[in-house]
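Welcome! Here are a few short exercises, each with a worked solution. Take a look at what is shown below, then try each task before reading on.

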Amino acid sequence: MANIQWYPGHMEKARRQMNERLQAVDMVIELRDARMPLASANPLLATMAQGKPRLIVLTKIDHADPKKTQEWIGYFIAGGCRCIALDLLKDNHCGKKIVRESLALMEERRQKQIARGIRPRAVRAMVCGIPNVGKSTLINRIFGKNALKAQDRPGVTRSLTWIHADEQLDLLDTPGVLWPKFDDPKTGSILAALGSINDDILDQKMVAMDTIRMIQNGYPGLLETTYETGEVNPNGMLKGIAKKRNLITSGNLDTKRAAILFLNELRKGKLGRLTLEDAYEEDEENVSE
Ligand SMILES: Nc1nc2c(ncn2[C@@H]2O[C@H](COP(=O)(O)OP(=O)(O)OP(=O)(O)O)[C@@H](O)[C@H]2O)c(=O)[nH]1
Ligand SMILES: [Mg+2]
């Protein structure tokens, strides 16, 4: 897709502040979207969190392909990472699971402290990930109250905030951060498709057409069946959607509105549970990226 360059000033500020706070943090909880476990990697983490234990949480599994989610969990675990996958909205035990996994990751250190006569304090974890992946929601779920604002658009959290979410776990909420430049243009397309990049700066028709191609590759026939278009080329598909949904502007089929409608349906899970990246296409060297 056309080069997406999105690195607004607030992200650079967040990156700096996260770097400063990392010293005071025991571990990192990295959220990734289960529909795009590589594209949603926080590319700043590898350098920022050097040496700190890391828990990968795949979020939004209710929208992801269940079989592929299992493959991705296997992929990360095989690469030596601790990883869990959660539906942060409907799983009533998600808070407990994250606390349990986080404490398990720190258990050795805690035991050493106990052996040295030090009473272990609450574990301090920085929660990070790309915009809109569910960081603030995750902290609210552990805390049991909506202490932090969470909304379905990227860029909601603007400052770093500590929450004493559990007796044994302090969590630092952080603003979503993207890489200043995507090495692989596919990464930009996937992030745009699933709403991690502010739509205002994107050509939504381009995004929709890229996304149509990706879904046609991963899930052949799905779009043709869903929209009953009989069209396979992406522009024709948008025209077909405009026709079927009666999106007409000044007497013409409005493919821009069709693009917006299509992207909304994808993001809301109306096209079914889809994952846009496959674990078996990747080798495990990428795990720590
Ligand atoms: N379906 C589904 N939606 C989720 C899940 N987790 C979070 N959400 C939704 O995703 C949207 C974004 O959640 P936030 O918690 O605001 O995300 P964030 O990572 O804090 O976003 P920024 O602060 O903008 O970086 C909200 O509408 C949440 O309700 C999940 O597991 N499944
Ligand atoms: Mg947030």
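A molecule sits in a pocket if more than half of its atoms lie within 2 Å of the grid points of that pocket. Keep in mind that this is a predicted model.

**Exercise 1.** Find where ligand 1 sits and describe its surroundings.

*Solution.* Start with the place: ligand 1 sits in the largest pocket. Next, look around the ligand, where 23 residues surround it, the closest being Asp62, Leu88, Lys135, Thr137 and Val156. Now turn to the polar atoms. The side chain of Asp62 has an N or O atom 2.6 Å from a nitrogen atom of ligand 1. Backbone N or O atoms also approach oxygen atoms of the ligand: that of Gln151 at 3.1 Å, and that of Gly176 at 3.2 Å. Finally, consider cover: ligand 1 taken alone exposes 660 Å², and the protein buries 92% of that.

**Exercise 2.** Which residues coordinate the magnesium ion (ligand 2), and through which atoms?

*Solution.* Two residues do this: Ser136 through OG and Thr157 through OG1, at 2.0 to 2.2 Å. Then locate them along the chain. Ser136 belongs to helix 5 (residues 135-143), while Thr157 lies in the loop between helix 5 and strand 5 (161-166), so the pair, 21 residues apart, links distant parts of the chain. Last, check exposure: both Ser136 and Thr157 are buried.

**Exercise 3.** Is Lys68 buried or exposed?

*Solution.* First find Lys68 in helix 3 (residues 66-78). Its relative accessibility is 11%, and the cut-off for buried is under 20%. Lys68 therefore counts as buried. To finish, note its partner: the side chains of Lys68 and Asp278 are joined by a polar contact of 2.8 Å.

Key: Residues are numbered from 1 along each chain as its sequence is written. Chains are lettered from A and ligands numbered from 1 in the order in which they are written. This is a predicted model: local features need pLDDT of at least 70, side-chain atom pairs count only at pLDDT 80 or more; totals for chains, interfaces and linings use all residues. Side-chain values use heavy atoms; hydrogens and water are left out. Donors are N, O and S atoms within 2.8 Å of the metal (3.2 Å for Na, K and Ca); water is not among the atoms, so sites may look incomplete. Helices (H or I, at least four residues) and strands (E, at least two) are DSSP runs, numbered from the N terminus. Buried means under 20% relative accessible area, exposed over 50%, partly exposed in between (1.4 Å probe, protein chains only). A residue is near a molecule or strand if one of its heavy atoms lies within 4 Å of it. A polar contact is a pair of N or O atoms within 3.5 Å; within protein, one must be able to donate a hydrogen and the other to accept it, and residues adjacent in sequence count only if both atoms are side-chain atoms. Accessible areas come from the Shrake-Rupley method with a 1.4 Å probe; for residues, only the protein chains shown count as cover. On a 1 Å grid over the protein atoms alone, a cavity is a set of points where a 1.4 Å probe fits but cannot get out, and a pocket is an open set with protein on both sides within 12 Å along at least five of seven lines; lining residues have an atom within 4 Å of a point.
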